[in-house]
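Q: I'd like a close look at one part of this molecule: the strand pairing and what sits around it. Could you take me through it?

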Amino acid sequence: MLVSDFNFQLPRELIAQEPLADRAASRMLHLDRASGGMIGSYFRALPGLLRPDDLVIFNDTRVFPARLYGRRLGRNPGAKEFLSGKIEVLLTRQVSQDPSEWECLVRPGRKIRVGERLLFGAEDDLEAEVISRDSFGQRLIRFKPVADFFATLERLGHVPLPPYIERQDCPSDRERYQTVYAREPGSVAAPTAGLHFTAEILAGLGDRRIETAKITLHVGLGTFQPVRVDEVEQHQLHRERYSISSESAGTINRALRAGRRIVAVGTTTVRTLEYAARRSATGGVQAGSGGADIFIYPGYQFRVVGGLLTNFHLPQSTLLMLVCAFAGKDMVLAAYKHAVAERYRFYSYGDCMFVE
């Protein structure tokens with residue numbers, strides 16, 4: 001299966017650069033898998049489209065200010081020059097707490113060497129040393145101990161907006177690039193399907209007595225890495241930390257036994273549920289935590305998810321491949337073509353699609 005099979009043409013002006021003032025005002029394309037029918041709607045209509053016995057699952061991860069701007073410190077032994085250039089670091093995954101070590105992406109990637117020291121903040125509040133390097137600008141860095149690392153990060157860090165949002169982050173992004181139900185810090189990208197929900201919409205689900213549950217998957221490096229192979233089957237996803245409580249697993253498994261539909265809010269929720277189902281030897285999903293690396297593309301047999309709310313994704317991305325696995329490649333690409341023609345807004349701050 002070729003990666004190029006998942007390409008589509010998207011005018012640049014349809015890539016949303018700013019969120020709407022009202023989260024729930026987003027447009028929503030309703031796609032029926034059985035008939036292939038597409039109906040244009042608005043997100044506020046979602047509660048009315050859900051069945052009374054649906055179980056809706058949210059990812060409650062919280063985005064932390066993972067982008068740091070700083071400077072290099074030290075000397076280049078070969079050129080005998082003082083290193084003082086500006087650098088950008090995107091923290092992607094904490095691999096150790098004591099000492100505090102992080103996988104990250106750095107810019108400029110080619111220049112930052114193992115052993116270099118990096119400083120962040122006007123008062124050099126954070127200092128890190130490059131421990132190792134990998135391809136495509138990836139590094140492992142170790143921070144010097146500080147009294148409260150995450151409090152310092154909250155003060156110095158920037159919202160890690162995706163690269164297709166071609167502007168600097170601003171204070172309002174701290175609230176808008178976050179779901180209203182976000183709880184567990186750990187993501188470098190928002191589970192964007194959840195950005196459309198408001199307290200009012202969540203209350204509407206409660207009014208209809210539609211049951212909900214939460215799981216956690218911390219979105220990591222894979223979100224920012226393009227697929228660099230020609231054949232889909234050759235690609236491997238980075239592992240992402242997830243957690244499913246015993247309470248949520250019990251709720252999900254009771255719904256599955258009763259034949260109720262599980263509606264996943266976002267592809268991150270899909271990956272978590274399907275990974276947990278694959279780990280279970282008795283059917284349903286297995287409670288627990290760990291690293292999920294499931295790669296879902298056409299041909300995959302879904303064990304849990306029966307409905308999906310999702311944003312519109314990048315061409316040739318693993319997220320688009322997952323949606324194509326759920327609804328069929330031809331149907332999904334036809335829906336994307338329709339969305340382009342109807343001028344839907346794309347990607348993180350864009351509109352959404354409900355697939356059932």
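**Strands and their neighbours**

A: Let's start with one residue pair: Ser132 stands opposite Leu140 in β11. Bear in mind that this is a predicted model, where local features need pLDDT of at least 70 and side-chain atom pairs count only at pLDDT 80 or more, while totals for chains, interfaces and linings use all residues. Residues are numbered from 1 along each chain as its sequence is written, and side-chain values use heavy atoms, leaving out hydrogens and water.

That pair belongs to an antiparallel match of β10 with β11 (residues 138-143), which runs over five bridges. Here strands are DSSP runs of E with at least two residues, helices are runs of H or I with at least four, and both are numbered from the N terminus; two strands pair if DSSP finds at least two bridges between them. β10 (residues 126-133) also pairs with β9 (residues 117-120), again antiparallel, over four bridges. In that pairing, Leu119 has Glu127 of β10 as its bridge partner. The β9-β10 hairpin has five residues between its strands, and Gly121 takes a positive phi near 95 degrees there.

Now for another sheet. Nine strands make an open, mixed sheet in the order β2-β1-β18-β17-β15-β3-β13-β14-β16. β2 (38-42) and β16 (288-292) are the edge strands with a single partner each, so one side of each has no neighbour in the sheet. From one strand to the next, the twist averages 25 degrees (axes are lines fitted to C-alpha atoms, for helices over the stretch in contact, with angles from 0 to 180 degrees between N-to-C directions).

At the β16 edge, β14 (residues 240-244) and β16 pair in the antiparallel sense over five bridges, and Arg241 has Gly291 of β16 as its bridge partner. Helix α5 (residues 246-257) packs on this sheet, touching β3, β13 (211-217), β14 and β15 (262-265), and its direction makes about 130 degrees with that of β13. Contact here means heavy atoms within 4.5 Å. Helix α8 (residues 329-341) packs on the sheet too, touching β1 (27-31), β2, β17 (305-311) and β18 (352-355), at about 150 degrees to the direction of β1.

One last stop is Pro52, found in the loop between α1 (46-49) and β3 (55-59). Leaving aside residues up to four places away in sequence, Pro52 touches Arg208, Arg209 and Ile210. Arg261 is 209 residues away from Pro52 in sequence, yet the two are 9.9 Å apart in space, C-alpha to C-alpha.
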